[in-house]
Amino acid sequence: MRNFDRGISCGGEISSREELAQVALVQFLEHGYHGVSLRRIADAANVKHGSIHKVSGGKENLLFELLREAAVTTYDNLTLATPRNLESVKAVEIFVAVHLQFGVKYRQHSLLARREMHMLR
């Protein structure tokens, strides 16, 4: 993930912010935004409680970054796959194909977005 790509020192199993984000994703899906605390994420990730906020930027930031990464990746793929001079039918076919790839690759992110996007308002 773009903002979760640097290694972190956490004295446990998690070695990157990307892995921390993956743990957060699972926690948000299992318990919902309100049912998750940074302490719960830290425990699940085996990260020291005191460093989790500095590493993550906070619970709301974790949720935002999870949703942002999926959206940005999909947009980037659509932009690369559909040049402006493409005929409409072909552009729609490519859009659908990329959208389906997104649904497979980011299935959990999509589910999280449907459940918790309102928390970012």
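**Six helices, inside and out**

Biologist: Which residues are buried in helix 6?
Modeller: Keep in mind that this is a predicted model. Buried means under 20% relative accessible area. In helix 6, the residues that count as buried are His 109, Ser 110, Leu 112 and Glu 116.

Biologist: How do these four sit around the axis of helix 6?
Modeller: His 109, Ser 110, Leu 112 and Glu 116 are the buried residues of helix 6. They lie on the same side of helix 6, because the arc they cover around the axis is only 160°.

Biologist: Which residues are exposed on the other side of helix 6?
Modeller: Exposed takes over 50% relative accessible area. Across from the buried side of helix 6, the exposed residues are Arg 107 and Arg 114.

Biologist: What covers the buried residues of helix 6?
Modeller: Cover here rests on contact, that is, heavy atoms within 4.5 Å. The cover over the buried residues of helix 6 includes helix 1, helix 4 and helix 5.

Biologist: Step back. What order do the elements of the protein chain run in from the N terminus on?
Modeller: The protein chain has 6 helices and 0 strands. From the N terminus on, the order is α-α-α-α-α-α.

Biologist: What share of the residues of the protein chain count as buried?
Modeller: The protein chain exposes about 7,500 Å², and carbon and sulfur atoms supply 52% of that area. The protein chain has 121 residues, and the share that counts as buried is 40%.

Biologist: Among contacts between residues at least 6 apart in sequence, what percentage join residues at least 24 apart?
Modeller: Take the contacts in the protein chain between residues at least 6 apart in sequence. Those that join residues at least 24 apart make up 58%.

Biologist: Which helix gives the most to the largest nonpolar core?
Modeller: This core has 22 residues, and Leu 20, Phe 28, Ile 41, Ile 52, Leu 63, Leu 66 and Leu 112 touch the most other members. Helix 1, helix 2, helix 3 and helix 4 each supply at least two residues. With 7 residues, the one that gives the most is helix 1.

Biologist: Which helices do the buried residues of helix 1 pack against?
Modeller: Helix 1 has 15 residues and reaches 21 Å, close to the 21 Å expected. Its buried residues include Leu 20, Val 23, Leu 25 and Phe 28. The buried residues of helix 1 pack against helix 2, helix 3, helix 4 and helix 6.

Biologist: Which residue with positive phi follows helix 1?
Modeller: Helix 1 runs from 17 to 31. After helix 1 comes a residue with phi near 75°, and that residue is Gly 32.

Biologist: Are the rings of Phe 28 and Tyr 33 stacked or edge-to-face?
Modeller: Phe 28 and Tyr 33 are both buried. The count of aromatic pairs comes to 2. The ring centres of Phe 28 and Tyr 33 are 5.8 Å apart and the planes are at 20°, so the pair is stacked.

Biologist: Where is Asn 46 found?
Modeller: Phi of Asn 46 is near 60°, a positive value in a residue other than glycine. Most residues other than glycine have a negative phi. Asn 46 is partly exposed, with a relative accessible area of 37%. Asn 46 is found in the loop between helix 2 and helix 3.

Biologist: What separates the C-alpha atoms of Asp 43 and Val 23?
Modeller: Asp 43 belongs to helix 2. Asp 43 is partly exposed, at 48% relative accessible area. Along the chain Asp 43 and Val 23 are 20 residues apart, and their C-alpha atoms are separated by 9.9 Å.

Biologist: What arc do the buried residues of helix 5 cover?
Modeller: Helix 5 has 18 residues and reaches 25 Å from its first C-alpha to its last. Ile 94, Val 98 and Phe 102 are buried there. They lie on the same side of helix 5, because they cover an arc of only 80°.

Biologist: Which exposed residues does the face of helix 5 turned away from its buried side carry?
Modeller: On the buried side, the cover includes helix 4 and helix 6. The face turned away carries the exposed residues Val 89, Val 92, Leu 100 and Val 104.

Notes: Residues numbered from 1 in each chain as written. Predicted model: local features only at pLDDT ≥ 70, side-chain atom pairs only at ≥ 80, totals over all residues. Heavy atoms only, no water. Expected span 1.5 Å × (residues − 1). Buried < 20%, exposed > 50% of the residue type's maximum accessible area, 1.4 Å probe, protein only. Arc of directions from axis to C-beta. Core = buried A, V, L, I, M, F, W, Y, C linked by side-chain atoms within 4.5 Å. Areas by Shrake-Rupley, 256 points an atom, 1.4 Å probe, with all protein chains shown as cover. Phe/Tyr/Trp six-rings, centres within 6.5 Å; stacked < 30°, edge-to-face > 60°.
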